[in-house]
Amino acid sequence: MGTTTTAAGRRPLGKGIGLRKSLATLAASIMLATSVQAAVPPTEEVNTTGLAVTDDSVKVGILHSITGTMAISEIGSVQAEKLAIQQINESGGVLGRQIEFVQEDGASDWPTFAEKTRKLLRQDDVAAIFGCWTSASRKAVLPVMEQYNGMLYYPTFYEGLEQSPNVIYTGQEATQQILAGIDWAVKEKGAKSFYLLGSDYIWPRTSNKIARKHIDKLGLKVVGEEYYPLGHTQFNSVINKIKLKKPDVIFASVVGGSNVAFYKQMKAAGVDFTEEKPLLLTISVTEDEIRGIGGENVEGIYASMKYFQSLDNPNNKDFVAAFKEAYGDDMVIGDVTQAAYLGPWLWKFAVEKAGSFDIDKIREVFAGIEFNKAPEGYVRIHENHHLWSKTRIGRAKTDGQYDVVYETQELMEPDPFPEGYQ
């Protein structure tokens with residue numbers, strides 16, 4: 001069963017969030033940056049397709065793994081989405097309606113994601129779903145979204161090679177993360193050889209296929225490529241192979257709980273990432289994962305992302321303060337968590353631009369919608385349903401945070417189907 005939270009009697013996010021000053025300040029500042037709320041339009045005008053919209057409420061779905069191996073990565077997304085929903089409600093809601101949410105657990109199991117999606121769309125009649133993390137879960141959900149014409153706001157960096165009219169992709173695609181990250185390692189670190197290491201499912205395999213093609217195009221070498229099942233905890237064999245091959249870069253896309261074992265075993269094997277021999281470049285370890293791995297086990301690794309908690313801008317400072325007041329001072333915020341936070345806001349802006357909750361109507365207005373108060377700085381929706389975003393490289397510290405050592409000067413245009421990489 002899912003958990004429904006109503007506007008009138010919603011569960012607190014933590015530590016009395018509704019009364020928190022920083023939350024109110026952040027919500028108010030976001031509202032000042034958006035259009036003024038108009039008079040509440042009649043329900044029959046804004047809901048012509050049978051969605052769960054009343055005169056004073058609208059229902060959405062939250063679908064992530066809160067159990068299983070992916071919980072270490074996905075719980076932050078749930079927290080961010082709830083925070084955004086709370087802020088939107090406190091700043092007037094969407095078309096004058098308070099957001100209610102139904103939360104379901106995908107349980108790190110792809111068929112379960114599909115089943116829960118069908119339930120949210122057919123039984124709960126939600127107006128939007130914020131969810132998924134792995135590409136495997138997204139691929140399982142996608143046919144259901146398209147069959148019943150739902151709209152998914154997907155927050156994770158991913159391999160690209162997809163564009164659906166029923167998905168808004170708030171994370172990076174491959175050109176914004178993989179190609180940009182490799183280019184940085186080659187230009188700034190003189191990398192010439194790479195060892196590709198990932199979990200065994202569609203995202204790491206496709207990401208490494210793209211990485212290998214790019215490395216080949218640059219005239220460089222891939223000296224090894226390995227994959228391990230989700231939840232795998234024995235990496236000593238591949239660590240020995242890496243030591244023998246001596247790559248300049250370990251390009252890592254290990255996900256979930258396996259990261260804890262991998263990085264601890266690397267350290268136990270005497271690998272000191274601060275020496276950068278080899279340099280480790282990850283596209284999957286955010287601050288959320290480091291919280292489980294331990295900062296002492298990842299000090300010196302690099303990550304290619306678009307967001308780090310340490311970003312020094314006013315939007316991010318307000319966001320981090322509100323997140324910590326909601327969930328505790330010891331909480332951290334990673335790339336996907338921030339991208340998940342964008343989803344409810346971008347949905348709100350689309351609904352209000354369209355003047356309707358109807359999926360077909362909001363789909364027509366997505367292109368060009370921008371969020372000036374995004375914690376990462378600024379984002380804009382491209383006509384291909386991905387976001388214009390900056391690419392950044394961070395270096396991990398023992399406190400679990402990243403120092404930003406590089407960022408693109410301009411927003412990178414999303415290109416989910418890069419020529420020569422399909």
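Ser 108 counts as buried, because its relative accessibility is 15% and the cut-off for buried is under 20%. This serine is found in the loop between strand E3 (98-105) and helix H4. Its phi is positive, at about 60 degrees, although Ser 108 is not a glycine. The model is predicted. The points below start with the backbone, then turn to helices, rings and two single residues.

**Unusual backbone spots**

- Most residues other than glycine have a negative phi, and most peptide bonds are trans.
- Leu 161 is not a glycine, yet its phi is positive, at about 60 degrees.
- Where is Leu 161 found? Leu 161 is in the loop between strand E5 (152-154) and strand E6 (167-169).
- Leu 161 is partly exposed, because its relative accessible area is 26% and partly exposed covers values between 20% and 50%.
- Lys 277 and Pro 278 are joined by a cis peptide bond, with omega at about 0 degrees.
- Pro 278 lies in the loop between helix H9 (258-268) and strand E10 (279-282).

**Helix H3**

- How many residues does H3 have? H3 has 20 residues.
- From its first C-alpha to its last, H3 reaches 28 Å. That is close to the 28 Å expected at 1.5 Å a residue.
- H3 is largely enclosed by the rest of the structure, because 17 of its 20 residues are buried.
- Gly 92 comes just after H3 and takes a positive phi of about 120 degrees.

**Where H3 meets H11**

- The axes of helix H3 (residues 71-90) and helix H11 (residues 314-327) come within 11 Å. They cross at roughly 105 degrees.
- Angles of 65 to 115 degrees count as roughly perpendicular, so H3 is roughly perpendicular to H11.
- On the H3 side, the contact is made by Gly 76, Gln 79, Ala 80, Lys 82, Leu 83 and Gln 87.
- On the H11 side, the contact is made by Phe 319, Ala 322, Phe 323, Ala 326 and Tyr 327.

**Helix H12**

- Helix H12 (residues 335-354) has 20 residues.
- H12 reaches 29 Å from its first C-alpha to its last. The expected value at 1.5 Å a residue is 28 Å, and H12 is close to it.
- Is H12 mostly covered or mostly exposed? H12 is mostly covered, with 18 of its 20 residues buried.
- Gly 355 sits just after H12 and takes a positive phi of about 70 degrees.

**Aromatic rings**

- The structure holds 21 aromatic pairs.
- One pair is Trp 110 with Phe 113: the ring centres are 6.3 Å apart and the planes are at 40 degrees, so the pair is tilted. Tilted pairs lie between the stacked limit, under 30 degrees, and the edge-to-face limit, over 60.
- Which helix holds Trp 110 and Phe 113? Both lie in helix H4 (residues 110-122). They are 3 residues apart, about one turn of the helix.
- Phe 113 is buried, with a relative accessible area of 0%.
- Ring pairs also build a cluster. It links Phe 130, Tyr 153, Trp 347, Phe 357 and Phe 366.

**Charges over rings**

- Arg 138 lies over the face of Tyr 154, at 4.9 Å from the ring centre.
- Arg 380 lies over the face of Trp 388, at 4.8 Å from the ring centre.

**Asp 288: a buried residue**

- Asp 288 lies in helix H10 (residues 287-293).
- Asp 288 counts as buried, because its relative accessibility is 11%.
- Leave aside its neighbours within four places in sequence. Asp 288 is then in contact with Ile 72, Gly 76, Val 332, Ile 333, Gly 334 and Thr 337.
- Asp 288 and Tyr 154 are 134 residues apart along the chain, and their C-alpha atoms are separated by 17 Å.

**Lys 221: an exposed residue**

- Lys 221 lies in strand E8 (residues 221-228).
- Lys 221 counts as exposed, because its relative accessibility is 59% and the cut-off for exposed is over 50%.
- Which residues does Lys 221 contact, leaving aside its neighbours within four places in sequence? They are Lys 192, Ser 193, Phe 194 and Ile 215.
- Lys 192 is 29 residues apart from Lys 221 along the chain, and the C-alpha atoms of the two are separated by 6.4 Å.

Definitions and conventions:
Residues are numbered from 1 along each chain as its sequence is written. This is a predicted model: local features need pLDDT of at least 70, side-chain atom pairs count only at pLDDT 80 or more; totals for chains, interfaces and linings use all residues. Side-chain values use heavy atoms; hydrogens and water are left out. Rings of Phe, Tyr and Trp (its six-membered ring) pair if their centres lie within 6.5 Å; planes under 30 degrees apart count as stacked, over 60 as edge-to-face and the rest as tilted. Helices (H or I, at least four residues) and strands (E, at least two) are DSSP runs, numbered from the N terminus. Buried means under 20% relative accessible area, exposed over 50%, partly exposed in between (1.4 Å probe, protein chains only). A charge sits over a ring if NZ of Lys or CZ of Arg is within 6 Å of the ring centre and within 35 degrees of the ring normal. The expected span of a helix is 1.5 Å times one less than its number of residues. Axes are lines fitted to C-alpha atoms, for helices over the stretch in contact, and angles run from 0 to 180 degrees between N-to-C directions. Angles under 35 degrees count as roughly parallel, over 145 as roughly antiparallel, 65 to 115 as roughly perpendicular and the rest as oblique. Contact means heavy atoms within 4.5 Å.
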